[in-house]
Amino acid sequence: MKLASLKQGRDGKLVVVSNDLAWCADASHIAPTLQAALDDWDRLEADLRNLATDLEHGVIPKERFHEREAAAPLPRAYQWADGSAYVNHVALVRQARGAEMPDSFWHDPLMYQGGSDGFLGPRDAIPLADEAWGCDMEAEIVVVTGDVPLGASREEALAAIRLVGLTNDVSLRNLIPGELAKGFGFFQSKPASAMSPVYVTPDALGDSWQDGKLSGQLHVDLNGQPFGRADAGVDMTFDFGTLIAHAAKTRALGAGTIIGSGTVSNRDADGGPGKPVADGGVGYSCIAEIRMIETIQTGGAKTPFLKSGDSVRIWMEDARHHPIFGVIEQVVNG
């Protein structure tokens with residue numbers, strides 16, 4: 001089942017979307033918003049699934065689904081916590097800074113709590129007031145949970161996953177060092193993130209969803225050119241069950257909590273840093289990673305961060321090469 005929110009008010013109007021993303025049907029008679037559906041998932045899931053089946057069979061009124069009319073599936077959420085499941089990415093960043101990689105990073109997930117009071121839609125521009133801030137995209141996988149009890153086990157956490165999607169977790173890289181130096185985490189360096197047009201139930205992902213990991217090539221294009229083709233199921237140190245359980249160690253998580261994977265990152269086949277797509281590698285899911293590799297290899301970064309007018313495209317395809325979650329396609333608006 002695929003769910004989306006059309007732009008309407010602050011929280012959007014819930015629709016079910018056909019598997020090919022061509023059509024949608026109004027679901028507001030079941031739940032007015034996706035958050036309302038998540039709040040009462042055990043009672044409403046079956047009705048939403050029946051509606052989705054009727055849509056596929058063409059027996060109910062339907063409308064064309066236009067991704068430009070979609071808000072983020074959860075235009076605002078009670079919680080957005082982003083992990084760093086691909087420790088390879090963290091290792092590269094620290095290596096480029098000449099910082100030692102603590103062994104605990106391989107066993108204890110990193111996580112920060114981001115702003116969730118307003119997500120960008122999949123076609124919304126990336127606002128950027130100052131190019132000197134070092135604007136970067138970060139292509140990631142996200143999951144949305146139901147209620148997760150305090151102290152949940154990994155297995156309980158996995159069972160609480162309701163939906164899966166993609167995000168462009170926008171970062172302002174040049175503001176990060178100053179904020180981290182204060183010892184109190186990110187804030188100004190993490191503006192609004194964009195979400196994929198639809199979120200998908202795990203069962204609809206088939207064999208691509210296994211043990212809390214989503215396998216498949218995450219496509220990232222920058223200004224129309226292939227930039228990243230990493231496999232989200234490879235080099236993922238912490239699965240989503242582990243990330244959710246980590247977040248729930250000291251507090252319960254409310255329905256509608258969004259958990260991010262962190263930047264998807266693969267090492268090269270020889271075990272070294274990834275190579276650009278143009279050189280036969282799988283590339284990168286953010287600009288910072290190629291800049292770190294350039295720094296490690298040549299002593300300085302060459303690839304610039306995003307500037308006004310640049311375009312970013314993020315998507316994942318099924319076996320028929322059709323987008324699973326729709327496409328995040330944004331232009332930087334300076």
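**Before you look: what "buried" means here.** A residue is called buried when its relative accessible area is under 20%. Keep that cut-off in mind as you go through these views of a predicted model.

**View 1. Two cysteines sit inside the protein without bonding to each other.** Let's start with Cys-286, which has a relative accessible area of 0% and is therefore buried. Cys-135 also counts as buried, at 0% relative accessibility. Could hidden cysteines like these be linked? A disulfide is a covalent bond between the sulfur atoms of two cysteines. For the sulfur of Cys-286, the closest cysteine sulfur belongs to Cys-135, but it is 12 Å away, so the two are too far apart for a bond. Looking from the other end, the sulfur of Cys-135 has its closest cysteine sulfur in Cys-286. The count of disulfides comes to zero.

**View 2. Nonpolar residues gather into a core.** How many residues does the largest nonpolar core have? The number is 66, and Ile-141, Val-164, Phe-240, Met-316 and Phe-325 are the ones with the most contacts inside this core. Helix H6, covering residues 240-247, gives the most to it, with five residues. Apart from this core lies another one, of 30 residues, including Leu-3, Leu-34, Ala-77 and Trp-80.

**View 3. Ile-141 meets many partners.** Zoom in on Ile-141 and leave aside its neighbours within four places in sequence. Among the residues in contact with Ile-141 are Val-164, Leu-166, Leu-214 and Ala-232. Further along the chain, its contacts include Phe-240, Ile-259, Val-264 and Met-316. Gly-165, Gly-260 and Ser-261 also touch Ile-141.

**View 4. Five strands line up in an open sheet.** Follow the strands in the order E7-E20-E19-E16-E17, and you will find that their pairing is mixed. Which strands stand at the edges? They are E7 (126-127) and E17 (225-231), each with a single partner strand, so one side of each has no neighbour in the sheet. Strands of a sheet pair through backbone hydrogen bonds, either parallel or antiparallel.

**View 5. Inside the sheet, strands pair in the antiparallel sense.** Strand E16 (residues 217-222) and strand E19 (residues 311-316) run antiparallel and are joined by five bridges. Here you can spot Asp-221 standing opposite Arg-313 in E19. E19 also runs antiparallel to strand E20 (residues 328-333), with four bridges between them. In that pairing, Ser-311 stands opposite Val-331 in E20. E16 and E17 pair antiparallel too, over six bridges. One place to look is Val-220, whose bridge partner in E17 is Gly-228.

**View 6. Two aromatic rings stack.** The whole structure holds four aromatic pairs. In one of them, Trp-209 and Phe-240 are stacked, with 6.3 Å from centre to centre and 25° between the planes. Trp-209 lies in strand E14 (residues 209-210) and Phe-240 in helix H6, so this pair ties together parts that are 31 residues apart in sequence. Are these two residues buried or exposed? Trp-209 counts as buried at 15% relative accessibility, and Phe-240 is buried too, with a relative accessible area of 1%. You have met Phe-240 before, in the largest nonpolar core.

**View 7. Charged side chains sit over rings.** In one example, the charged end of Arg-291 sits over the ring of Phe-305, 4.2 Å from its centre. In another, Lys-190 lies over the face of Phe-186, at 5.3 Å from the ring centre.

Conventions:
Residues are numbered from 1 along each chain as its sequence is written. This is a predicted model: local features need pLDDT of at least 70, side-chain atom pairs count only at pLDDT 80 or more; totals for chains, interfaces and linings use all residues. Side-chain values use heavy atoms; hydrogens and water are left out. A nonpolar core is a set of buried Ala, Val, Leu, Ile, Met, Phe, Trp, Tyr and Cys residues joined through side-chain atoms within 4.5 Å. Buried means under 20% relative accessible area, exposed over 50%, partly exposed in between (1.4 Å probe, protein chains only). Contact means heavy atoms within 4.5 Å. Two strands pair if DSSP finds at least two bridges between them. A disulfide is a pair of cysteine sulfur atoms within 2.5 Å. Rings of Phe, Tyr and Trp (its six-membered ring) pair if their centres lie within 6.5 Å; planes under 30 degrees apart count as stacked, over 60 as edge-to-face and the rest as tilted. A charge sits over a ring if NZ of Lys or CZ of Arg is within 6 Å of the ring centre and within 35 degrees of the ring normal.
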